Amino acid sequence: MTELLCPRDEAELAEAVTSVLADGVTLDVVGRGTRRGIGRSAQTDRTLDVSALSGVTLYEPEELVLSARAATPMAEIEALLAQNNQMLAFEPMDTGPLLGEAAGGGSLGGMFACNLSGPRRLSHGAARDHALGARAVSGRGEVFKSGGRVMKNVTGYDLPRLLAGSHGTLAVLSEVTLKVLPRPATQETLLVFGLDAASSARAMSAAMGSSCEVSGAATLPASVVRRREEVPADVSVVAFRLEGFEPSVRARRAMLISVMTPFGAVEVLEEPASRAFWTMVRDALPFAGTGERAVWRISTAPMAGPPLAHALTQALGAEAYCDWAGGLLWVLMPGAAAQADEVRAALRPHGGHATLIRATAAERAGAVFQPMDFALDALTRRVKASFDPKGVLNPGRMYAGM
C-alpha cells in the first residue's frame with residue numbers, strides 16, 4: 001500500500017518533500033483528487049495529500065485581490081466572490097462531471113496547476129494571466145514565493161505563470177493569489193442556427209472582428225446540441241455571449257444582430273438560460289456521462305476550429321464542438337481508443353496542441369500531452385531539473401522520463 005503523507009501547513013509540506021528526497025522515492029501530489037485522471041498514468045512510491053492546506057488567507061474586494069491555500073475548494077472561493085458581485089474572470093472549468101466526479105469538488109491548486117480556462121478566455125485571458133503571486137515548495141524541498149498582490153510587481157522570472165499548467169511537476173503549490181473582477185450586471189446569448197463548418201468559422205470571425213465586445217463564442221453541431229436541453233434545437237448552433245450593464249448589452253445586441261444578418265436569423269437567450277448554456281460549454285457537459293469514451297481538448301487557430309471538428313467527425317466518427325471562437329475543440333471519440341496518431345495528424349496542418357483529457361489508464365500510458373520538438377523538450381527538461389533535480393514530484397505525469 002502506498003504510504004500517505006498529510007502535511008498540515010507549509011512547513012510540514014517542505015518537511016515531507018525533504019524526507020522523500022532523503023529516502024530517494026517519488027511523490028504523487030494530490031489535493032482533492034478530482035483531477036487525478038488528467039495526465040499520464042504514473043507509478044509513485046508515496047502520495048502527498050495536501051488537502052489540509054485549505055482556506056482563504058486574504059480577500060480585499062476593494063483591491064480586487066484574493067489569496068487562498070492550494071486545497072481551498074473552488075466552490076468556496078466562487079461563493080465568497082459572489083457575495084461581493086465579483087468573479088474569477090477566466091471562468092475556470094469544473095472538470096468534475098466530465099471526469100466522473102461530483103460537480104464543484106475541485107480545488108484552487110488543482111485548477112491552477114491545470115490552467116483550465118473557460119469561454120471567457122478569449123476576452124479576459126487564461127488562469128495564468130490572472131495570477132498575482134504564489135507560494136510553493138520545490139522538488140528540492142525549498143519554500144519559495146513569487147509575485148505579490150498587484151500586477152506590476154514582478155522582477156525577474158514570473159514564476160506563477162510558469163507553475164500554471166505544470167500539473168505539479170515543478171513544485172507543490174501551498175498558496176495562490178489571484179486578481180478578481182466585478183461580475184457583469186447581466187448577460188445574454190445570441191444564437192444563429194443551421195450553419196455549416198465554414199459558415200460557422202466566418203460568423204465567429206465576423207463577430208470577434210466587430211466592436212460588439214463578445215465574451216463567449218462557440219459552435220455546436222446538431223449531434224452535440226441534441227445531447228443537451230440548454231438549447232431546444234435539432235440543428236447546429238453558433239452562440240455569442242454579451243455581458244455588461246443592460247443598456248450596453250442592448251446596444252451591442254442590436255449591433256451584433258446586424259453583423260449576423262448575412263448568416264441567418266438570430267434568437268436570444270436571456271438570463272438564466274444564457275448562464276446555463278455557457279456552463280454547459282465550459283464544462284464539456286455534452287460529453288459527461290459517456291463512459292470510457294476518450295475525450296480530447298485541442299487548441300488551434302480559431303478559423304481552423306470548425307473545419308477541424310468536422311474533419312474529425314467525418315474521418316474518425318468523433319463528436320466535437322468549438323469554444324473560444326473556434327480556438328478550442330472538445331472532441332469525444334467513438335470508443336475508449338484515443339487514436340492519438342490520427343487526431344494529431346489531423347491537427348498538424350493547422351498547428352496547435354491536442355491534450356487527452358479523459359481516457360482509460362491504458363490509453364493514458366501514451367502521449368497525453370502534445371509531443372514537443374527537440375528544442376522545447378530540451379528547455380522543458382532544464383526547467384524540470386532546476387525545480388526538481390531528482391524528479392520526485394509527479395514523475396511522468398506530463399511526459400515520460402520527466
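I looked up the buried residues of helix α8 in this predicted model. They are V249, R252, L256 and M260. Viewed down the axis of α8, these buried residues fall within an arc of 75 degrees, so they line one face of the helix. I noted the background for this: an α-helix has 3.6 residues a turn, so residues three or four places apart point the same way.

Next I asked what the buried residues of α8 pack against. I found contacts to two strands listed as β11 (186-193) and β13 (237-244), to helix α6 (197-208), and to β14 (266-269). On the face of α8 turned away from the buried side, I found the exposed residues P247 and S258.

I then checked the length of α8, which runs over residues 246-260. At 1.5 Å a residue, its 15 residues should span 21 Å, and the end C-alpha atoms are 21 Å apart, so the two values agree.

I moved on to R282, which sits in helix α9 (residues 273-282). Is R282 buried or exposed? Its relative accessible area is 18%, so I entered R282 as buried. I listed its contacts, leaving aside neighbours within four places in sequence: E91, P92, M93, D94, G118 and P119.

Last, I turned to the cysteines and disulfides. How many disulfides does a search of the whole structure find? The search returned zero. I also looked up accessibility for two cysteines. C6 has 46% relative accessibility and therefore counts as partly exposed. C114 has a relative accessible area of 12%, so I recorded C114 as buried.

Note on methods: Residues are numbered from 1 along each chain as its sequence is written. This is a predicted model: local features need pLDDT of at least 70, side-chain atom pairs count only at pLDDT 80 or more; totals for chains, interfaces and linings use all residues. Side-chain values use heavy atoms; hydrogens and water are left out. Helices (H or I, at least four residues) and strands (E, at least two) are DSSP runs, numbered from the N terminus. The expected span of a helix is 1.5 Å times one less than its number of residues. Buried means under 20% relative accessible area, exposed over 50%, partly exposed in between (1.4 Å probe, protein chains only). The arc is that of the directions from the helix axis to the C-beta atoms. Contact means heavy atoms within 4.5 Å. A disulfide is a pair of cysteine sulfur atoms within 2.5 Å.
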